[in-house]
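Please describe what can be read from the backbone and side-chain geometry of this model, with attention to loops, a helix and the nonpolar core.

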Amino acid sequence: MNYLSLFEQMGRGTLDPKESAAAGITASEFSKFDVDKDGTLDKAEYWALVRARFKVADRDHDGTVSTQELATSEGGALLAVLQ
Ligand SMILES: [Ca+2]
Ligand SMILES: [Ca+2]
């Protein structure tokens, strides 16, 4: 799945669990970020998840994710929801 195809699906407004799994979102993450528990991730819920992964990947907390930070497993997890 690439960045564009994920957003084509988001054009519909939501991601269901199957689409989320394809984007590397685990079942426990899905239920954590599905705040309204409607069984889908809407754009706000999805971006909350992306921001959470960004924060974890930004190990030195400088507000950016460097090439070195992207090379970590946390960086890989961030890329997984953006590709
Ligand atoms: Ca939801
Ligand atoms: Ca950083």
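## Two loop residues with positive phi

K37 is exposed, because 7 other C-beta atoms lie within 10 Å, and a residue counts as exposed when that number is 12 or fewer. In this predicted model, K37 is placed in the loop between α3 and β2 (41–42), where its phi is positive, about 55 degrees, although K37 is not a glycine.

H61 can be described in similar terms, beginning with its position in the loop between α4 and α5 (67–70). The phi of H61 is likewise positive, near 55 degrees, in a residue other than glycine, and H61 is exposed, with 7 other C-beta atoms within 10 Å.

## Helix α4 and its two sides

Helix α4 contains 15 residues and reaches 21 Å from its first C-alpha to its last, which is close to the 21 Å expected at 1.5 Å a residue. The buried residues of this helix are Y46, L49, R53 and F54. They lie on the same side of α4, because the arc that they cover around the axis is only 140 degrees. On the other side of α4, by contrast, A44 and R51 are exposed.

## The largest nonpolar core

The largest nonpolar core is made up of nine residues, namely L15, I25, L41, Y46, L49, F54, V65, L78 and V81. Helix α4, which spans residues 43–57, supplies the largest share of this core with three residues. In soluble globular proteins, nonpolar side chains tend to be buried together.

One member of the core, F54, is in contact with V65 and L78 when residues up to four places away in sequence are left out of the count. Both of these partners, V65 and L78, are also listed in the core, while F54 itself is among the buried residues of α4.

## G24 and its contacts distant in sequence

G24 is located in the loop between α2 (17–22) and α3 (27–33). Is G24 buried, exposed or partly exposed? It counts as partly exposed, because 17 C-beta neighbours lie inside 10 Å, whereas 20 or more would be needed for a residue to be buried.

Leaving aside residues up to four places away in sequence, G24 touches A77, A80 and V81, and V81 is one of the residues of the largest nonpolar core. From C-alpha to C-alpha, G24 and L79 are 9.4 Å apart in space, although 55 residues apart in sequence.

How values were computed:
Residues numbered from 1 in each chain as written. Chains lettered and ligands numbered in written order. Predicted model: local features only at pLDDT ≥ 70, side-chain atom pairs only at ≥ 80, totals over all residues. Core = buried A, V, L, I, M, F, W, Y, C linked by C-beta atoms within 7 Å. Helix = DSSP H or I, 4+ residues; strand = E, 2+ residues; numbered from the N terminus. Contact = placed C-beta atoms within 7 Å. Expected span 1.5 Å × (residues − 1). Arc of directions from axis to C-beta.
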